[in-house]
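Q: Please take a close look at a single part of this structure and describe its surroundings. I would like one connected account that starts from one residue and works outward.

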4 protein chains.
Amino acid sequence: MATRAHDDAARLARRNTILQAARSLFLLDPHQLPSAAHIANEAGLAKGTVYLYFRTKEEIFLALLGEEFFGLMQEIESIFADTSKLSIPSFLQRYAAYLEAHPEFLRLDAMTYSVLEQNMSHEVLREFKLALVAQLTKTGAQLDAALQFPAGRGASLLLRTHAITRGLWQSLAYPPALQTLLVDEVFAPIRPDFNSELMATLGEYWQGALQNSAPYPP
Amino acid sequence: MATRAHDDAARLARRNTILQAARSLFLLDPHQLPSAAHIANEAGLAKGTVYLYFRTKEEIFLALLGEEFFGLMQEIESIFADTSKLSIPSFLQRYAAYLEAHPEFLRLDAMTYSVLEQNMSHEVLREFKLALVAQLTKTGAQLDAALQFPAGRGASLLLRTHAITRGLWQSLAYPPALQTLLVDEVFAPIRPDFNSELMATLGEYWQGALQNSAPYPP
Amino acid sequence: MATRAHDDAARLARRNTILQAARSLFLLDPHQLPSAAHIANEAGLAKGTVYLYFRTKEEIFLALLGEEFFGLMQEIESIFADTSKLSIPSFLQRYAAYLEAHPEFLRLDAMTYSVLEQNMSHEVLREFKLALVAQLTKTGAQLDAALQFPAGRGASLLLRTHAITRGLWQSLAYPPALQTLLVDEVFAPIRPDFNSELMATLGEYWQGALQNSAPYPP
Amino acid sequence: MATRAHDDAARLARRNTILQAARSLFLLDPHQLPSAAHIANEAGLAKGTVYLYFRTKEEIFLALLGEEFFGLMQEIESIFADTSKLSIPSFLQRYAAYLEAHPEFLRLDAMTYSVLEQNMSHEVLREFKLALVAQLTKTGAQLDAALQFPAGRGASLLLRTHAITRGLWQSLAYPPALQTLLVDEVFAPIRPDFNSELMATLGEYWQGALQNSAPYPP
DNA sequence: TATGAATGAGTTTTCATTCAT
DNA sequence: AATGAATGAAAACTCATTCAT
C-alpha cells in the first residue's frame with residue numbers, strides 16, 4: 001500500500017505522479033488514452049486511488065494538456081520578455097523547439113475534440129477554459145506591449161498560431177505503421193517534414209498578419 | 001427485405017444510401033460515430049448488409065470524408081477556372097461557403113486522428129491517401145497555372161489552407177452544451193465566430209504567402 | 001455461371017466437387033469446419049448452389065465422414081477376403097496405412113460429437129446411422145466367417161477397434177502450435193507417436209479379445 | 001453486489017462457485033459450452049466478475065476437465081493402494097463407477113479437440129498438460145509398483161485406458177433426441193449399453209496387455 | 001487515504017441460410 | 001439449376017467507475 005498523502009504537498013506530489021504516469025503511457029501509443037488500470041499500475045497505485053485525485057480518466061489528460069499549454073505560454077512570455085533582441089523568426093524557432101520537447105502536447109490536442117471533451121463534467125471543462133482564456137489574455141497582453149499591437153491582437157495571434165499548429169500537425173503526423181506505407185515518392189506532397197512546414201507556414205502567416213497590424217520592426 | 005442490388009448502378013446507389021444514413025446520424029451527434037446497427041437501421045437495411053459494402057464501420061466515414069474532400073477540391077477548381085474575375089477574398093468566401101454547406105467535413109476531420117484511422121486496414125488507408133494526394137496535386141496544378149506559381153506551390157498552399165481550417169475549427173467549435181456555459185464575456189477571446197475568424201486568418205496567411213511566391217495581382 | 005447439371009451423373013459429379021472442396025479446405029485447418037462461402041468458392045460455385053446439394057454445411061462433412069468410413073470398411077473386407085495369408089498384425093498394418101492415407105477421417109471423427117451432429121436434421125442423421133450400421137454388419141459378418149466368430153462378434157470388434165482408434169487419436173494429436181510447446185522431455189509420456197501407439201494398443205486389444213472368442217489361429 | 005472475496009480462501013471459493021455454475025449448465029446441454037453471461041448469472045455474479053477469475057470462457061471448462069481428470073487419477077490411486085484384494089475386474093468396476101458419478105468428464109473430453117483447445121492461450125494449455133503429465137506419471141508409478149510393471153508401463157496403460165474410454169463414449173453416446181430415433185432393432189449393433197461395453201472392451205484390452213507385461217496375478 | 005473486487009453497459013462483426021432473379 | 005444480395009441472430013470481452021473494507 002502506498003504511503004498516505006496527508007498534507008497538501010504530499011497530495012500534490014501524488015497527483016503529479018499520476019500525471020506523469022499517464023503522460024509516459026500515452027506517449028507509448030498516442031492514438032488512444034491508456035486505461036485507468038494501466039495508469040494506476042504505472043504510478044504504483046491502486047485503481048481506486050487514481051479516482052481520489054481525478055473524477056474521470058479524461059480529467060487526467062485535460063490537466064496534462066493544460067500544463068503543456070501554460071508551459072507554452074510561459075515560454076512565449078519569456079521569449080518576448082527581452083524585446084531588444086526579438087525577431088519573428090527567432091520566436092518561431094523557440095516556439096517549435098518547445099513543441100518538439102513536449103511531444104504529448106499536439107497529440108493531446110488531436111484527441112481533444114473526439115475524446116477529451118467527452119466524458120467530462122462541463123463544470124470542470126468550464127474551469128479549464130477559464131484558466132486557458134486567462135493565460136491567453138495575459139500572454140497576449142505582453143505581445144501587445146512588445147509589438148505595439150492594439151489590445152487583444154496578441155491574444156488573437158496566439159490563438160491562431162496554436163490553431164495553425166494543431167491543424168498542420170494532424171495533417172502531417174502519420175502513425176509509424178502508415179509512415180512505412182507512404183514512403184513512395186508520390187506521397188511527397190502530403191509528407192513534408194512537420195517542423196519545416198510549421199516554420200514556413202507560421203512564417204507566412206505572421207508576415208501577412210503583421211502587415212495588417214501596427215509597426216513591429218520599427 | 002430490401003430490394004436486391006444486382007447491377008453496378010444499383011449497388012452504387014445502395015452504397016450511397018448507407019453513406020447518407022451515416023452522414024445524417026453523425027450530424028445529430030458529431031462527437032462520436034454512430035453504431036453500425038444504427039446506420040443500417042437508418043438506411044433501411046439489415047446490419048449484415050452494411051458489411052457487404054464496407055469492411056468496417058470506420059471505412060464508411062473515411063469514404064464520407066473523402067467525398068467531402070474531393071468535393072471541396074472540385075469547388076476550388078471551379079473557382080479558379082475563370083481567372084478573369086479572380087480575387088483571393090472572393091476565393092475564400094466561396095471556400096468558406098462550401099464548408100458551411102458541408103458541416104460534416106470538419107467534424108470528420110476532427111475525428112480522423114483518434115478514431116477514423118484506427119480500426120482500418122492500412123491497405124485501405126493507403127489507397128485513400130493515394131487518391132487524396134492525386135486530387136491535391138491536380139487541383140494544386142490548376143492553382144499553379146492560374147496564379148503563375150512555381151510547380152507544387154499550389155498543392156502546398158492547399159494543404160496548408162486545409163490544415164489552418166481544421167485547426168481553427170477544432171479550437172473554436174464547442175459542443176452546444178458547452179456553448180451555453182461560455183456565454184460570459186470573459187470567454188470572448190476564445191469564442192470568435194468561426195467563419196469570420198477563418199476568413200481573417202486565411203486572408204492573412206494568403207497575404208503573407210503570396211508575397212513569398214510570384215506575381216498574382218499583376 | 002457454372003454449367004448446369006441436368007442429368008444425374010452431372011449432379012453427382014457436382015456434389016463430388018463440393019465434397020472435395022470441403023475436404024481440402026478442412027485439411028488446411030482441421031480444427032474447424034470451413035465456411036460455406038469458402039467451400040463454394042473453392043468449388044467454383046456460388047454459395048446458393050452448395051445448398052442445392054446439401055441442406056446444411058454439416059451435412060457436407062457428414063457425407064465426407066461416411067465416405068471415409070465406408071472406404072475403411074471396404075479396405076477391411078479386402079484384407080479379410082483372402083484368409084489364407086491372414087494375420088492380425090498384417091491386418092493392423094493395413095488398417096493403420098489406410099488411416100494415414102485418409103487424414104481427414106479421424107479429424108472429422110473428433111468433431112462429430114460437438115459439431116457435426118449439431119445443426120443437422122435428425123432425419124438425415126438417422127439415415128446416416130442406418131447406412132453405417134448396415135455396412136458395419138456386413139463387414140462384421142465377413143470377419144465372423146473368416147475368423148470363425150459367433151454371429152455379431154466381428155461387428156463388435158470393428159466398432160471397438162474404431163472407438164479405440166478415435167480415442168487414441170484425440171489423446172495424442174496436438175495442433176502444430178502446441179507440438180512445439182511440448183517438445184520438452186517431461187511431456188514424453190503423453191507424446192508417443194500415434195501410429196506406433198495405435199498398433200501397440202490395438203495389438204493388445206485384439207490379443208485379449210481373441211482369447212475370449214473362438215479359434216482364429218487354429 | 002456479491003460480497004467481496006478479499007482473502008485467498010474467499011477467492012478460491014468464488015472460483016469454485018463459477019466452476020460449479022458452469023458444470024451444471026453444461027450438463028443441461030452437453031453439446032455446447034454455455035455462454036459466459038449465462039454462467040455468471042447462474043453463479044449470481046456479474047459477467048465481468050467471471051473474467052476476473054478466468055481469462056476466457058474455455059479456461060473455465062479446461063479447469064473443470066482438469067479437476068475431473070485429477071479426481072479420476074486419485075480414485076485409481078486409492079483403488080491400487082491396497083494391493084491385497086486387487087483384481088482387474090474390481091478395478092474396472094470402480095473406474096466405471098467414477099465415470100458414471102462424473103458425467104461431465106467424458107462430455108468435456110468430447111469437446112476438447114474442437115472447442116476447448118481453441119480460444120485458449122497456449123501458455124495456459126501447456127500448463128494444463130504439464131499438470132496432467134505429472135499426475136499421469138505419479139499414478140502410473142503406483143501401478144508399476146502394485147503390479148510389478150517396468151517403469152512407465154503404468155502410465156502408458158492409464159493413457160490407453162482413458163483413450164479407449166473416450167473413444168467408446170463418443171461412439172456410443174447419442175443425444176436424447178437421436179436415441180428415440182434409433183430404437184429400432186436394426187440399430188442394435190451400434191447401441192450397446194455404454195457401461196457394459198466399456199467393461200467388456202477394457203477387460204479385453206487389459207487381458208491382452210497384461211500378457212505382454214510382467215506377472216500381476218501371481 | 002488506499003485498496004482492488006465487483007459491476008454491467010455496450011457494440012462490432014461473422015456467417016449460415018434464404019430467396020428473388 | 002445457378003446465382004449472390006440480403007438477412008439477423010448471437011456472444012465474448014473490456015474497462016471506467018464504485019464502494020466495502
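A: E197(D) is buried in this predicted model, because its relative accessible area is 8%, under the 20% cut-off. Its salt-bridge partner is R160(C), with the closest N and O atoms 2.7 Å apart. This pair crosses between chains, running from helix α10 of chain D, which holds E197(D), to helix α8 of chain C, which holds R160(C). R160(C) is likewise buried, with a relative accessible area of 6%.

A second salt bridge joins the two helices. R153(C) pairs with E204(D), and here the closest N and O atoms are 2.9 Å apart. This pair also passes from one chain to the other, from R153(C) in helix α8 of chain C to E204(D) in helix α10 of chain D. R153(C) counts as buried at 13% relative accessibility, and E204(D) counts as buried at 5%.

The helix that carries both glutamates, α10(D), covers residues 194-212. Its 19 residues should span 27 Å at 1.5 Å a residue, and the C-alpha atoms at its ends are 27 Å apart, so the expected and computed spans agree. Its buried residues include the two acidic residues E197(D) and E204(D), and also F194(D), L198(D), L202(D), Y205(D), W206(D) and L210(D). N195(D), T201(D), G208(D) and A209(D) are buried as well. These buried residues pack against elements of two chains: from chain C, α8 (153-172) and α10 (194-212), and from chain D, α5 (88-101), α6 (104-116), α7 (122-147) and α8 (153-172).

One contact on the chain D side can be followed through Y95(D), a residue of helix α5 of chain D. Y95(D) is buried, with a relative accessible area of 2%. Leaving aside residues up to four places away in sequence, Y95(D) touches L198(D) and L202(D), both of which are among the buried residues of α10(D). The other residues that Y95(D) touches are L72(D), I76(D), I79(D), T161(D), H162(D) and T165(D). By contrast, the C-alpha atoms of Y95(D) and A173(D), which are 78 residues apart along the chain, are separated by 18 Å.

The two salt bridges belong to the wider interface of chain C and chain D. There, 56 residues of chain C are in contact with 56 residues of chain D. The area buried between these chains is about 4,900 Å², and carbon and sulfur atoms give 61% of it. On the chain C side, H31(C), Y113(C) and E204(C) supply 16% of the area that this chain buries against chain D, more than any other three residues. The interface has six salt bridges in total, and 28 residue pairs are in polar contact, both residues being at pLDDT 80 or more. The elements of chain C that give two or more residues to the side touching chain D are α6 (104-116), α7 (122-147), α8, α9 (176-181) and α10. Of these, α8(C) provides the largest share, 14 residues. By class, the side of chain C that touches chain D divides into 30 nonpolar, 16 polar and 10 charged residues.

The interface of chain B and chain A may be set beside this one. Here 56 residues of chain B are in contact with 56 residues of chain A, and about 4,900 Å² is buried between them, 61% of it on carbon and sulfur atoms. Six salt bridges are found across this interface, together with 27 residue pairs in polar contact. Helix α8(B) gives the largest share of the side of chain B that touches chain A, 14 residues. Arginine and glutamate pair here too: R160(B) forms a salt bridge with E204(A), the closest N and O atoms being 3.0 Å apart. In addition, R153(A), R160(A), E197(B) and E204(B) are linked in a network of salt bridges.

A salt bridge within one chain offers a contrast in burial. E75(A) and R94(A) form such a pair, with the closest N and O atoms 3.6 Å apart. E75(A) lies in helix α4 of chain A and R94(A) in helix α5, so the bridge ties together parts that are 19 residues apart in sequence. E75(A) counts as partly exposed at 22% relative accessibility, and R94(A) is partly exposed at 38%, whereas E197(D) is buried.

Methods. Residues are numbered from 1 along each chain as its sequence is written. Chains are lettered from A and ligands numbered from 1 in the order in which they are written. This is a predicted model: local features need pLDDT of at least 70, side-chain atom pairs count only at pLDDT 80 or more; totals for chains, interfaces and linings use all residues. Side-chain values use heavy atoms; hydrogens and water are left out. Helices (H or I, at least four residues) and strands (E, at least two) are DSSP runs, numbered from the N terminus. The expected span of a helix is 1.5 Å times one less than its number of residues. Buried means under 20% relative accessible area, exposed over 50%, partly exposed in between (1.4 Å probe, protein chains only). Contact means heavy atoms within 4.5 Å. Buried area is the accessible area (1.4 Å probe) that two parts lose on being put together, summed over both. A salt bridge is a side-chain nitrogen of Lys or Arg within 4 Å of a carboxyl oxygen of Asp or Glu. A polar contact is a pair of N or O atoms within 3.5 Å; within protein, one must be able to donate a hydrogen and the other to accept it, and residues adjacent in sequence count only if both atoms are side-chain atoms. Ala, Val, Leu, Ile, Met, Phe, Trp, Tyr, Cys and Pro count as nonpolar, Asp, Glu, Lys and Arg as charged, and the others, Gly among them, as polar.
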